[in-house]
Amino acid sequence: MSLDKNGIAKRIAQELKDGYYVNLGIGIPTLVANFVPENIEVILQSENGLLGIGPFPEKGKADPDLINAGKQTVTTIPGSAFFDSSLSFAMIRGGHIDLTVLGAFEVTDKGDISSWKIPGKMVKGMGGAMDLVAAAKNIIVATTHTDRHGKPKLKTKCDLPLTGIRCVKKIVSDLAVIDVTDKGFKLMERAPGVSVEEILEKTGAPVIVEGDIPEMNL
Amino acid sequence: MNKVVKNAKEAIKGMRDGQTFMLGGFGLCGIPENTINALVESGLTNLTCISNNAGVDDFGLGLLLKKHQIRKMISSYVGENKEFERQLLSGELEVDLVPQGTLAERIRAGGAGIPAFYVPAGYGTEVGEGKESREFNGKMHLLEYGLTADFAVVKAWKGDTMGNLIYRETANNFNQAMAMAGKITIAEVEILVPAGELNPNEIHTPGIFVQRIFLGTNYEKRIEFETVRES
């Protein structure tokens, strides 16, 4: 069975390591924060100027001066820090963020990603996504394997305007974990009950399959 | 030295049609509400606004958009404003979308006297079209230019009569860099104290960058997405 949003987030949380500084994008990536293993410490960065994002505030305690990059009210953890936007992107551009998780419209087997614009239909802007993908050491894309019309989102070429090129290292979808290697997509894990054949059928690019592909351990 | 002016109306004296403004804030957090309202009342038009976002339809810069006072926006994310998207898609509004970190650094650089610099963001995308590029350490970068403005308008938490500023929490965002980049910088603050009362160790923006400061009133501080813990 394919994973729901929380399932994708839960699998991505397994990629977190103790001491990581992490930037989570809007949507499914934000949910990863709910699944951080208890035995490790991870510091979440918000590009609007906060290191050490805490949980959402209790009812009635929301502070309009304290938001995340999705403009949601948040809190801070002990040891958090505030700073201005240019310093925030010095952290990002300077390679100080260990892991970036973001959503995508399309990802290619070269690691290219489109995520910010649908010409003529939707122009919201790239926000910090281009800065993040151009600089992060490790980028994981959280996405459904196909779009709402059933078309593959994992392809050989992006049809929509690019956010960055040759930057995505790993994709966690509702069907699979796929690494982006020098030789293209490589299937690493299957969602529970999903067959290799189904994954290959729903991927719009060649996929390297070596040996038995294990199911995700959720 | 005393840089205090009475209110927003006095602070925007000398602004003219067609000028370039920077306005601090991220979403609706840390926006100069008083000055935006004064700009709406002023009826100034043909403005170029440099601001990370464009407010929402009925608050923040959205108010200026609705009255067609803005000719061009330089922003990174404009997704929360339907009127903005409409004016953009219909061609009424010129928009330059810039990656957020590049935008912040262009403003910081402009204020710091750095005319241009290289960043990797946007290389290989439409953001890089027509721009000079160059390889450093095996990676391609784009040449980006510093930004300045006729007026920078920022919102701080505390300020003193000499223009020293302290921001609060994530309401700092673009304000600190923009304060450096205005030919004239206007600061509106929630708490205004005599020089000497702020702790110099805690100043974010030294007063040298600020020309006019006033005590803001009636802050709405609207929350865009109030999210609370599930009990």
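## A salt bridge within chain A

E215(A) has a relative accessibility of 39% and therefore counts as partly exposed, since that class runs from 20% to 50%. The model is predicted. The partner of E215(A) in a salt bridge is R190(A), with 3.9 Å between the closest N and O atoms. Because E215(A) lies in the segment after β15 (207-208) of chain A and R190(A) in strand β14 (residues 184-190) of chain A, the pair ties together parts that are 25 residues apart in sequence. R190(A), at 19% relative accessibility, counts as buried, because the limit for that class is under 20%.

The distance of 3.9 Å between E215(A) and R190(A) falls within the 4 Å that the salt-bridge rule allows. By this rule, the count over all chains is 28 salt bridges.

## Salt bridges between β8 and β10 of chain B

Which strands of chain B does the pair K155(B) and E190(B) tie together? The closest N and O atoms of K155(B) and E190(B) are 2.8 Å apart, and the two form a salt bridge. K155(B) belongs to strand β8 of chain B and E190(B) to strand β10 of chain B, so this salt bridge ties together parts that are 35 residues apart in sequence. K155(B) is buried at 4% relative accessibility, whereas E190(B) is partly exposed at 26%. Both residues belong to one network, joined by salt bridges that share partners, whose members are D63(A), D65(A), K155(B), R168(B), E169(B), E190(B) and K221(B).

Another salt bridge joins the side chains of D150(B) and K183(B), at 3.2 Å from N to O. This pair links distant parts of the chain: D150(B) is in strand β8 of chain B and K183(B) in strand β10 (residues 182-193) of chain B, 33 residues apart. K183(B) has a relative accessible area of 60% and is exposed.

## The interface of chain B and chain A

Chain B and chain A each bring 49 residues to the contact. The area buried between the two chains is about 4,100 Å², and carbon and sulfur atoms give 59% of that area. Of the area that chain B buries against chain A, 16% comes from E169(B), T170(B) and R229(B), more than from any other three residues.

The rule finds 5 salt bridges across the interface of chain B and chain A. K117(A) and E126(B) meet through their side chains in a salt bridge of 2.7 Å, N to O. Polar contacts across the interface come to 23 residue pairs, with both residues at pLDDT 80 or more. On the side of chain B that touches chain A, at least two residues each come from α4 (82-90), α5 (100-111) and α6 (175-181) of chain B. α5(B) gives the most, with 6 residues. By residue class, this side of chain B divides into 21 nonpolar, 15 polar and 13 charged.

## Helix α4 of chain B

What lies at the two ends of α4(B)? The N-terminal end of α4(B) is capped by N81(B), which places a side-chain oxygen 3.1 Å from the backbone nitrogen of E83(B). After the helix comes G91(B), which has a positive phi, near 85 degrees.

The buried residues in α4(B) are E83(B), F84(B), E85(B), Q87(B) and L88(B). An α-helix has 3.6 residues a turn, so residues three or four places apart point the same way. The buried residues of α4(B) pack against α3 (62-66), β3 (70-75) and β4 (94-97) of chain B, and also against β9 (122-123) of chain A.

## An aromatic pair in chain B

Over all chains, the structure holds 2 aromatic pairs. One of them is formed by F21(B) and F151(B), which are edge-to-face, with 5.8 Å centre to centre and 90 degrees between the planes. F21(B) is in strand β1 (residues 20-23) of chain B and F151(B) in strand β8 (residues 149-160) of chain B, so that the pair links parts of the chain 130 residues apart. F21(B) counts as buried, at 0% relative accessibility. F151(B) is buried too, with a relative accessible area of 3%.

## A buried threonine in chain A

Strand β10 (residues 139-143) of chain A contains T143(A). Is T143(A) buried or exposed? The relative accessible area of T143(A) is 3%, so this residue is buried. Apart from neighbours within four places in sequence, T143(A) is in contact with I8(A), A104(A), K153(A), L154(A), I171(A), V172(A), S173(A) and D174(A).

Key
Residues are numbered from 1 along each chain as its sequence is written. Chains are lettered from A and ligands numbered from 1 in the order in which they are written. This is a predicted model: local features need pLDDT of at least 70, side-chain atom pairs count only at pLDDT 80 or more; totals for chains, interfaces and linings use all residues. Side-chain values use heavy atoms; hydrogens and water are left out. Contact means heavy atoms within 4.5 Å. Buried area is the accessible area (1.4 Å probe) that two parts lose on being put together, summed over both. A polar contact is a pair of N or O atoms within 3.5 Å; within protein, one must be able to donate a hydrogen and the other to accept it, and residues adjacent in sequence count only if both atoms are side-chain atoms. Helices (H or I, at least four residues) and strands (E, at least two) are DSSP runs, numbered from the N terminus. Ala, Val, Leu, Ile, Met, Phe, Trp, Tyr, Cys and Pro count as nonpolar, Asp, Glu, Lys and Arg as charged, and the others, Gly among them, as polar. Rings of Phe, Tyr and Trp (its six-membered ring) pair if their centres lie within 6.5 Å; planes under 30 degrees apart count as stacked, over 60 as edge-to-face and the rest as tilted. Buried means under 20% relative accessible area, exposed over 50%, partly exposed in between (1.4 Å probe, protein chains only).
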